[in-house]
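Me: I'd like to practise reading a fold feature by feature. Could you put one up and walk me through it?

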Amino acid sequence: MNRLGDLPFSLPVLKSAKQELNARVYSVVRSALSQFLTSSDLVDGIIPKEKTL
């Protein structure tokens, strides 16, 4: 995910993966968006995406 608008659409998928599949979820996001996921229990870890050209 690299845009704030993408994040809300992915939240139900993350929640289902955690609840239904008991999956460990890691998200690749831009550093500016990582705070939105770290404050939730939807991900087990954040992999920061570096800015690309």
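Me: Which residue just after α1 takes a positive phi?

Reply: Before that, some ground rules. This is a predicted model, where local features need pLDDT of at least 70 and side-chain atom pairs count only at pLDDT 80 or more, while totals for chains, interfaces and linings use all residues. Residues are numbered from 1 along each chain as its sequence is written, and side-chain values use heavy atoms, with hydrogens and water left out. Now phi: most residues other than glycine have a negative one. Here Asn-22, just after α1, has a positive phi of about 55°. Helices (H or I, at least four residues) and strands (E, at least two) are DSSP runs, numbered from the N terminus.

Me: Where is Asn-22 found, and is Asn-22 buried or exposed?

Reply: Buried means under 20% relative accessible area, exposed over 50%, and partly exposed in between (1.4 Å probe, protein chains only). Asn-22 is in the loop between α1 and β1 (26-30), and its relative accessibility of 67% is why it counts as exposed.

Me: How do I check the length of α1, and where does α1 bend?

Reply: The expected span of a helix is 1.5 Å times one less than its number of residues. For the 15 residues of α1 that gives 21 Å, and the end C-alpha atoms are 22 Å apart, which agrees. A bend is the angle between axes fitted to the seven residues ending at a residue and the seven starting there; α1 bends by about 25° at Pro-12.

Me: Which residues make up the largest nonpolar core?

Reply: In soluble globular proteins, nonpolar side chains tend to be buried together. A nonpolar core is a set of buried Ala, Val, Leu, Ile, Met, Phe, Trp, Tyr and Cys residues joined through side-chain atoms within 4.5 Å. The largest one here has nine residues: Leu-7, Leu-14, Ala-17, Val-25, Val-29, Leu-33, Leu-37, Leu-42 and Val-43. α1 (6-20) and α2 (31-38) each give two or more, and α1 gives the most, with three.

Me: What is Val-25 in contact with, beyond four places in sequence?

Reply: Contact means heavy atoms within 4.5 Å. Among the partners of Val-25 are Leu-14, Ala-17, Leu-42 and Val-43.

Me: And the strands: how many bridges join β1 to β2?

Reply: Two strands pair if DSSP finds at least two bridges between them. Five bridges join β1 to β2 (residues 45-49), and the two run parallel. Arg-30 stands opposite Lys-49 in β2.
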